[in-house]
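Please look at the chain below before reading on. The report goes through its helices, two helix pairs and several single residues.

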Amino acid sequence: MYSYDLYTDFEIADLLANSDKSAFNYLYDKYWDKLFVIASNRLNDLVEGEEVVQDIFFNLWRKRESFKLQRGFENYFAVAVKYEVIDRRARRLKDREFRDMLSQALQDERTEVHFYQFDLDQLAMQLEYRINQLPKKCRLVFSLSRQSNLTNKQIAKKLVISEKAVEKHITHALKFLKQHFRHYFSVALLLLVS
């Protein structure tokens with residue numbers, strides 16, 4: 001068994017890139033508790049704090065072969081936990097906003113949707129069915145835009161098409177869905193980002 005304390009962070013990163021599980025376990029043992037305390041305190045949630053740390057280590061192992069350490073593991077983990085916490089907080093806010101917007105849409109007197117007649121599961125199934133009716137490329141672009149939250153520029157780069165083509169696909173998809181959902185359209189769009 002190696003004493004990884006004798007290695008520099010960059011040497012450990014090289015071992016990690018070669019799928020050295022002992023090097024990974026060394027990092028896990030060395031940083032897990034500290035990251036857990038930071039994440040849990042910032043999120044005020046022990047379970048979510050644990051999930052954050054597990055995600056960080058899972059992602060590190062998953063991308064180990066292409067992983068490039070810039071400054072040191074102390075810095076890497078500090079940045080990783082910071083962004084994971086920001087992401088979790090953003091998701092919390094998004095979930096809260098979604099629930100508020102959905103509640104408002106369902107209570108709005110101007111809409112013809114009556115809450116007691118409204119079945120979100122049914123609407124979600126219809127939405128999935130209609131999205132699957134879109135042409136393949138259009139469906140892919142729309143999914144990357146609405147469900148993966150990519151920008152038009154990112155989608156264009158990923159699919160090697162112009163941003164204009166991306167806009168055209170999204171416009172076509174929205175028009176198609178609007179025709180099929182009419183009064184439910186705004187609620188259907190909210191379901192896409194939930």
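Read along the sequence, the pattern is α-α-α-α-α-α-α-α-α. The chain has nine helices and zero strands; helices (H or I, at least four residues) and strands (E, at least two) are DSSP runs, numbered from the N terminus. This is a predicted model, in which local features need pLDDT of at least 70 and side-chain atom pairs count only at pLDDT 80 or more, while totals for chains, interfaces and linings use all residues. Residues are numbered from 1 along each chain as its sequence is written, and side-chain values use heavy atoms, with hydrogens and water left out.

**The chain as a whole**

Of the 194 residues in the chain, 34% are buried. Buried means under 20% relative accessible area, exposed means over 50%, and partly exposed is in between (1.4 Å probe, protein chains only). The chain exposes about 13200 Å², and carbon and sulfur atoms supply 51% of this area. Accessible areas come from the Shrake-Rupley method with a 1.4 Å probe; for residues, only the protein chains shown count as cover. Among contacts between residues at least 6 apart in sequence, 62% join residues at least 24 apart. Contact means heavy atoms within 4.5 Å.

**Helices α2 and α3**

Helix α2 covers residues 21-43 and helix α3 covers residues 46-62. Their axes come within 8 Å and cross at roughly 145 degrees. Axes are lines fitted to C-alpha atoms, for helices over the stretch in contact, and angles run from 0 to 180 degrees between N-to-C directions. α2 passes α3 in a right-handed crossing. A crossing is right-handed if the near helix is turned clockwise from the far one by less than a right angle, and left-handed if anticlockwise.

Which residues of α2 meet α3? Among them are Phe24, Tyr28, Trp32 and Leu43, and the residues they face in α3 include Leu46, Val53, Phe57 and Trp61. By class, the contact of α2 with α3 has 15 nonpolar, three polar and three charged residues. Here Ala, Val, Leu, Ile, Met, Phe, Trp, Tyr, Cys and Pro count as nonpolar, Asp, Glu, Lys and Arg as charged, and the others, Gly among them, as polar.

Asn44 is found in the loop between α2 and α3. Its phi is near 55 degrees, a positive value in a residue other than glycine. With a relative accessibility of 73%, Asn44 counts as exposed.

**Helices α6 and α7**

Helix α6 (residues 136-146) and helix α7 (residues 152-159) pack at an angle of about 135 degrees, and their axes are 10 Å apart. That angle makes α6 oblique to α7. Angles under 35 degrees count as roughly parallel, over 145 as roughly antiparallel, 65 to 115 as roughly perpendicular and the rest as oblique. The crossing of α6 with α7 is right-handed.

From α6, Lys137, Leu140, Val141, Leu144 and Ser145 meet Ile155, Lys158 and Leu159 in α7. This contact has five nonpolar, one polar and two charged residues.

Is Ser145, a residue of helix α6, buried or exposed? At 10% relative accessibility, Ser145 counts as buried. Leaving aside neighbours within four places in sequence, Ser145 is in contact with Leu150, Ile155 and Ile170.

Asn149 lies in the loop between α6 and α7. Asn149 has a positive phi of about 55 degrees although it is not a glycine.

**Partly exposed residues**

The table lists four residues that are partly exposed.

| Residue | Place | Relative accessible area |
|---|---|---|
| Pro135 | loop between α5 (120-132) and α6 | 46% |
| Asn149 | loop between α6 and α7 | 43% |
| Lys82 | helix α4 (residues 73-107) | 41% |
| Ile161 | loop between α7 and α8 (163-181) | 22% |

Two of these residues can also be placed by a C-alpha distance. Pro135 and His172 are 37 residues apart along the chain, and their C-alpha atoms are separated by 9.9 Å. Lys82 and Ile38 are 44 residues apart along the chain, and their C-alpha atoms are separated by 9.0 Å.

What is Ile161 in contact with, leaving aside its neighbours within four places in sequence? Ile161 is in contact with Lys137, Val141, Ala156, Val166 and His169. Of these, Lys137 and Val141 in α6 also meet residues in α7.
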